[in-house]
Amino acid sequence: EFTWSNGQCSDVVSVTVNDNCDCPNGDNTVSNPGNVEICSIYPSSQLTGNEGSPSGGQYIWEYAFNNGGFGPAAGVNDAKDYTTLDLSAGQHDFRRIYTVQYNGNVCVYTSELISVLVHPEPLAAIIGDDRICEGKTTTFFASGGITYEWNIGGNTQSIDVNDDRMRVVTVTDNNGCTATASKILDVLDNPVAVINLSLIHI
């Protein structure tokens, strides 16, 4: 209560201060493993974070796939840390929501995202003749990548083949992901020509 006076007149003002203040600056940070870019599959892994503050709150981990909406993450999602499932090809985003009661307020703090981008394996293939006659040559063509590496040597997309050794090609796509394909050529024996003189009549 405050009183103002000019010597002749006075006025009284009352000021009430309570503890029902706004939410304070909180801390809800997730870090490990950070943002990840990987091929084929991302194995089940633990996502970790700090102890949220102000203390005494609750955690919920949320998940979004391919830039869709967030929802509760699968499995046990209400602990400080979270263990993912195996993640297949696609964009996987995780965040942690920390909720705490503070000075009569429900304070909600949202972490930054942990993003896991899983690229699919390229579809490696070899096409070409399945069989040829002995002494002939054919060509195998590989597909599915932007670079090619053959087990017998060479890094071109196609190779000439004239024997029955297995050819294996490793293809690499523009995401750096690899896959292999193999093919064996069946080389057929040539027929043996015979002239039977006993059947020739003069």
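**Figure 1. Open sheet of strands β11, β13 and β15 in the predicted model.** The three strands are arranged in the order β11-β13-β15, with antiparallel pairing. Strands β11 (125-127) and β15 (158-161) each have a single partner strand and stand at the edges, so one side of each is left without a neighbour in the sheet. On average, neighbouring strands of this sheet are turned by 25° against each other, direction ignored. Strands of a sheet pair through backbone hydrogen bonds, either parallel or antiparallel.

**Figure 2. Pairing of β13 with β11 and with β15.** Strand β13 comprises residues 138-143 and is joined to β11 by three bridges, the two strands running antiparallel. Within this pairing, Ile-127 has Phe-141 of β13 as its bridge partner. Four bridges connect β13 with β15, again in the antiparallel sense. Here Thr-138 is matched with Val-161 in β15 as its bridge partner.

**Figure 3. The two faces of strand β13.** Thr-138, Phe-140 and Ala-142 make up the covered face of β13. The uncovered face consists of Thr-139, Phe-141 and Ser-143. Two of the bridge partners shown in the preceding view can be placed on these faces: Thr-138, the partner of Val-161, belongs to the covered face, whereas Phe-141, the partner of Ile-127, belongs to the uncovered face.

**Figure 4. Strand β5 and its pairing with β8 and β6.** Strand β5 (residues 58-65) and strand β8 (residues 90-102) run antiparallel and are joined by eight bridges. Two bridges join β5 to strand β6 (residues 71-72), and this pair also runs antiparallel. Glu-62 takes part in both pairings: Arg-95 stands opposite Glu-62 in β8, and Pro-72 stands opposite Glu-62 in β6. The hairpin of β5 and β6 has five residues between the strands, and in this hairpin Asn-66 adopts a positive phi near 50°.

**Figure 5. Disulfide between Cys-23 and Cys-107.** A search of the whole structure finds two disulfides. In the one shown here, Cys-23 is joined to Cys-107 with an S to S distance of 2.0 Å. The link of Cys-23 and Cys-107 is left-handed, with -95° about the S-S bond. This pair links distant parts of the chain, 84 residues apart: Cys-23 lies in the loop between β2 (10-13) and β3 (36-39), and Cys-107 lies in strand β9 (residues 105-110). Cys-23 is partly exposed, with a relative accessible area of 35%, whereas Cys-107 is buried, with a value of 0%.

**Figure 6. Disulfide between Cys-39 and Cys-177.** The sulfur atoms of Cys-39 and Cys-177 are 2.0 Å apart. A value of -85° about the S-S bond makes the link of Cys-39 and Cys-177 left-handed. The two residues belong to distant parts of the chain, 138 residues apart, with Cys-39 in strand β3 and Cys-177 in the loop between β16 (167-172) and β17 (178-183). Cys-39 counts as partly exposed at 28% relative accessibility, while Cys-177 counts as buried at 1%.

**Figure 7. Cysteine connectivity and Cys-133.** With bonded cysteines counted along the chain, the disulfides of the protein chain follow the pattern 1-3, 2-4. Cys-133 has a relative accessible area of 38% and is therefore partly exposed, a class that lies between under 20% for buried and over 50% for exposed.

Note on methods:
Residues are numbered from 1 along each chain as its sequence is written. This is a predicted model: local features need pLDDT of at least 70, side-chain atom pairs count only at pLDDT 80 or more; totals for chains, interfaces and linings use all residues. Side-chain values use heavy atoms; hydrogens and water are left out. Two strands pair if DSSP finds at least two bridges between them. Axes are lines fitted to C-alpha atoms, for helices over the stretch in contact, and angles run from 0 to 180 degrees between N-to-C directions. Buried means under 20% relative accessible area, exposed over 50%, partly exposed in between (1.4 Å probe, protein chains only). A disulfide is a pair of cysteine sulfur atoms within 2.5 Å.
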